[in-house]
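Trainee: I would be grateful for a close look at a single part of this structure, beginning at the surface and then moving inward. Please explain the reasoning at each step.

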Amino acid sequence: MLALAAVAVLSIGFGARFLSPGEVWAGLWDPQSPSYRIVHEMRLPRTLLGLMVGMALGMAGAIMQALTRNPLADPGLLGINAGAAAGVASAAVFLGVGTFLGYVWFALAGAAIVTAMVYAIGGGRAATPARLALAGAALNATLYSYVSATLLSDSQAIQKVKFWTAGSLASADFGTVERLAPFFGAGLLVALAVARPLNALSLGDDAARALGARPSVIRVTVIVAVTLLCGGATAACGPIVFVGLLIPHMVRPFTGPDLRWMLPYTAVLAPVLLLGADVLGRVLGSPGELQVGTVTAVLGGPLFLYLVRAAK
């Protein structure tokens with residue numbers, strides 16, 4: 001919690017104009033402060049959106065890893081973010097949609113379809129980590145090729161979503177935060193509700209049934225939670241990878257495999273990573289900025305390679 005508070009202050013403080021902690025505090029509470037407008041119109045919405053998106057991606061990764069029993073599962077690597085991106089790109093190019101409220105329904109539909117497809121192609125109940133990873137990689141590559149081809153065919157659409165395709169918090173405002181909140185809140189509640197049944201499912205279908213769980217219902221519930229969390233996050237910020245992969249591995253040594261402990265820790269630490277990457281992008285790219293999706297990919301790539309080697 002201290003780390004989250006610190007990175008939130010840094011997120012509000014860093015930008016084209018640096019604000020000291022005192023100026024951040026005054027900007028939050030004093031309408032007469034010179035920093036009040038900067039904080040409330042630009043920095044605070046960006047920080048709140050980063051908090052919500054970080055929590056959403058981290059928790060989606062944790063329940064995906066538990067469902068698939070694959071320590072390398074991640075909404076980005078398994079193609080779920082790509083499905084949401086394909087939905088948004090289709091809406092922007094073919095239907096002329098240009099707002100978050102319009103994007104989000106297409107993002108949710110794309111995320112839901114790809115989640116179900118990855119699970120089905122990977123073998124359903126007989127899915128193995130390797131088959132799920134291969135199915136996700138194939139769909140991921142196909143969908144991102146579709147997104148690139150679709151956007152390149154329409155110069156106006158590519159201008160609308162130029163920063164979105166790289167994964168960015170730069171266009172955040174309170175309207176986006178308010179519209180994302182219901183999807184995030186619903187996904188959060190569903191993910192927390194499925195934590196205990198997922199613990200039972202990790203023992204196998206037969207053991208889960210013996211403990212009173214219903215594997216098919218659990219799987220559908222997880223798909224709903226991942227769709228709400230990833231679809232809303234991708235519609236708001238674009239496809240951001242590795243957050244859902246890294247954070248569960250970081251918290252598991254402290255919590256063990258019990259999702260009732262993992263999910264709260266993930267909800268705190270995932271936004272630390274995302275906001276920290278956003279701040280780092282602003283510092284390294286000054287006077288401009290590096291998009292947060294680019295920074296998380298650079299940070300996550302080496303660790304992903306380490307995890308692949310460790311899983312052999």
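Mentor: The model is a predicted one, and the surface offers a suitable starting point. Phe94, Leu95, Leu101, Trp105, Phe106 and Tyr146 make up a nonpolar surface patch whose accessible area together is about 650 Å². Helix H5, residues 100-121, supplies the largest share of this patch, namely 3 residues. Tyrosine 146, another member of the patch, belongs to helix H6, which spans residues 129-152. With a relative accessible area of 32%, tyrosine 146 is partly exposed, because that class lies between the 20% limit for buried and the 50% limit for exposed.

Tryptophan 105 deserves particular attention within the patch. Its relative accessibility of 53% makes tryptophan 105 count as exposed. The model contains 3 aromatic pairs. One of them joins tryptophan 105 to phenylalanine 183 in an edge-to-face arrangement, with 5.3 Å from centre to centre and 75 degrees between the planes. Since tryptophan 105 sits in helix H5 and phenylalanine 183 in helix H9 (residues 174-193), the pair ties together parts that are 78 residues apart in sequence. Phenylalanine 183, at 11% relative accessibility, counts as buried. The pair therefore has an exposed partner in tryptophan 105 and a buried partner in phenylalanine 183.

The interior comes next. In soluble globular proteins, nonpolar side chains tend to be buried together. In this model the largest nonpolar core has 69 residues, and Leu49, Val53, Ile63, Leu198, Val222, Ile240 and Val243 touch the most other members. Helix H3, residues 36-68, gives the most to this core, contributing 13 residues. A second core, separate from it, has 13 residues, including Ala82, Ala85, Leu143 and Val147.

Valine 243 shows what surrounds one member of the largest core. Beyond its neighbours within four places in sequence, valine 243 is in contact with Gly54, Leu57, Gly58, Asp74, Pro248, Ala270, Leu273, Leu274 and Thr296. Phenylalanine 242 lies in the loop between helix H12 (215-237) and helix H13 (243-255). Most residues other than glycine have a negative phi. Phenylalanine 242, however, has a positive phi, near 80 degrees. This phenylalanine is buried, because its relative accessible area is 10% and the limit for that class is under 20%.

Proline 271 offers a further view of the interior. This residue lies in helix H14, which covers residues 259-284, and counts as buried at 0% relative accessibility. Not counting residues up to four places away in sequence, proline 271 touches Leu4, Gly50, Leu51, Gly54, Met55, Thr266 and Gly276. Gly54 is thus in contact with proline 271 and also with valine 243. Between proline 271 and glutamate 23 the C-alpha to C-alpha distance is 23 Å, and 248 residues separate them in sequence.

Helix H14 also takes part in charged contacts. The model has 6 salt bridges. In one of these, the side chains of aspartate 278 and arginine 46 meet at 2.8 Å, N to O. That pair links distant parts of the chain, for aspartate 278 is in helix H14 and arginine 46 in helix H3, 232 residues apart. Both partners are buried: aspartate 278 has a relative accessible area of 1%, and arginine 46 has a relative accessibility of 9%.

Arginine 46 also forms a salt bridge with glutamate 289, where the closest N and O atoms are 2.6 Å apart. Here arginine 46 lies in helix H3 and glutamate 289 in the loop between H14 and helix H15 (292-310), so the pair ties together parts that are 243 residues apart in sequence. Glutamate 289 counts as partly exposed, at 28% relative accessibility.

A salt bridge within a single helix provides a contrast. Aspartate 206 and arginine 209 meet through their side chains at 3.4 Å, N to O. Both lie in helix H11 (residues 205-210), 3 residues apart, which is about one turn of the helix. Aspartate 206 counts as exposed at 62% relative accessibility, whereas arginine 209 is partly exposed, with a relative accessible area of 39%. Through shared partners, other salt bridges join Arg46, Asp278, Arg282 and Glu289 into one network.

Technical notes. Residues numbered from 1 in each chain as written. Predicted model: local features only at pLDDT ≥ 70, side-chain atom pairs only at ≥ 80, totals over all residues. Heavy atoms only, no water. Patch = residues over 30% accessible without salt bridge, like charges linked within 9 Å, V, L, I, M, F, W, Y side chains within 5 Å. Areas by Shrake-Rupley, 256 points an atom, 1.4 Å probe, with all protein chains shown as cover. Salt bridge = Lys/Arg side-chain N within 4 Å of Asp/Glu carboxyl O. Helix = DSSP H or I, 4+ residues; strand = E, 2+ residues; numbered from the N terminus. Buried < 20%, exposed > 50% of the residue type's maximum accessible area, 1.4 Å probe, protein only. Phe/Tyr/Trp six-rings, centres within 6.5 Å; stacked < 30°, edge-to-face > 60°. Contact = heavy atoms within 4.5 Å. Core = buried A, V, L, I, M, F, W, Y, C linked by side-chain atoms within 4.5 Å.
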